[in-house]
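Hello,

Here is the structure I promised to pass on to you. Have a look at it first, and then read on for my notes.

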Amino acid sequence: MADTRTHIVVVEDEAAQRQLLVDYLGRNGFRVSGADGGAAFRKLVERDPPDLALLDIGLPGEDGFALARWLRERSGKVGIIMVTASGDTVDRIVGLETGADDYIPKPFDPRELLARVKSVLRRTGNAAASPAGAGKVRMGRRVLDIERRLLLDETGAEETLAASEFDLLKLFAENPNRPLARDWLLETVGHREMEAFDRAIDLRITRLRRKIELDPAHPDAIRTVRGIGYMFVPSKG
Ligand code: CA
C-alpha cells in the first residue's frame, strides 16, 4: 500500500542531531528521511521528492543555502525551512533570497519546530484545496494562477515561487488599487520570521518585482506608497 504520509527530509551533518529530528518528526506522523549532506540529499530528492525539507545551513561541502536554491529551482511548492546556528539577521536575509519559507535558529524547542513545519505545510500544501474557479490575475508581465498557485509568463512557463511569495502576490491580487500597509501585510501573510524585522517585507517585494515587473527599477504593478506600504495596480489591457 502506498504511504500517503507527508514526506520530510532532514539534512544535518551531525548524526545524533539528525537522528533526534528524524525520530521526533516520525513520532508526530510524518514519513522522515535523513541526509548527512548535499550528495545524499540530492539523491534522495531525485528518488523520493519531499513535501518539506529541513536544511541545516552549516554543512561540510555545499551549505544549506545552496541546497535550498537547488531545491527551489526544482519545485515552487516544496516547503523549505532553514536551520541556522548563528541566528543572525544577515544569515536570515540571505536565506530569504534563496526561496526558503521559514527559519529556525539553533537551539530550538522541538515543539516550536513542529509548529513551524505544520505552518509551512499549511501554506504549501493547499494547492488541491483552493476553491474551484479561482481566477488568473495579470501582474506585470506575469500571470498569477491562484488555483494552481503558479506564476506564469506569456508562454505558460512557470516561474519559481516560494509559498510565502505566492501568499503575498495573492494578497495583492485580491486587493487591487488599495494601499496595503506593511504591518498588515506582515500580519496577514503570518510569516513569523518576517515580524522580527520589517525589512524582510521590502526584500520580498524587491524579489517579487524582479519576477513580475517589466522594469523592476521602475515598478508599475506593485507600487510603493510612501509612509504606508505597497499597492497592486492591475495593468490595463
Ligand atoms: Ca551542521
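To begin with a question: is Glu165 buried or exposed? With a relative accessible area of 1%, Glu165 falls under the 20% limit, so this residue is buried. Please keep in mind throughout that this is a predicted model.

Glu165 sits in helix α6, which covers residues 163-174. Its side chain has a partner there: Glu165 and Lys211 are joined through their side chains by a polar contact of 2.9 Å. If you leave out residues up to four places away in sequence, Glu165 touches Lys211 along with Thr160, Arg204, Arg207 and Leu208.

Moving on along the chain, Asn175 belongs to the loop between α6 and β10 (180-181). Asn175 has a relative accessibility of 11%, and therefore counts as buried. Its side chain reaches back to the backbone oxygen of Leu171, at 2.8 Å. Neighbours within four places in sequence aside, Asn175 is in contact with Leu180 and Trp184.

Now to the metal. Which residues coordinate the calcium ion? Asp13 and Asp56 each do so through OD, and Gly58 through O, at 2.2 to 2.4 Å. Along the chain, these donors follow the spacing D-x42-D-x1-G. Asp56 and Gly58 come out differently in accessibility: Asp56 counts as buried because its relative accessibility is 3%, whereas Gly58, at 48%, counts as partly exposed.

Helix α3 (residues 64-74) is also worth a look. Its buried residues are Gly64, Phe65, Leu67, Ala68, Trp70, Leu71 and Arg72. A reminder that may help when you view this list: an α-helix has 3.6 residues a turn, so residues three or four places apart point the same way. The N-terminal end of α3 is capped by Asp63, with a side-chain oxygen 3.2 Å from the backbone nitrogen of Phe65.

Finally, some figures for the protein overall:

- The protein has 9 helices and 12 strands.
- Of its 237 residues, 50% are buried.
- Among contacts with a separation of 6 or more, 57% are between residues 24 or more positions apart.
- The accessible surface is about 11400 Å², and carbon and sulfur atoms account for 51% of that surface.

Do write back if you would like to go through any of this together.

Best wishes

Methods. Residues numbered from 1 in each chain as written. Predicted model: local features only at pLDDT ≥ 70, side-chain atom pairs only at ≥ 80, totals over all residues. Heavy atoms only, no water. Donors = N, O, S within 2.8 Å, 3.2 Å for Na, K, Ca; no water. Buried < 20%, exposed > 50% of the residue type's maximum accessible area, 1.4 Å probe, protein only. Helix = DSSP H or I, 4+ residues; strand = E, 2+ residues; numbered from the N terminus. Contact = heavy atoms within 4.5 Å. Areas by Shrake-Rupley, 256 points an atom, 1.4 Å probe, with all protein chains shown as cover. Polar contact = N/O pair within 3.5 Å; in protein donor to acceptor, adjacent residues only side chain to side chain.
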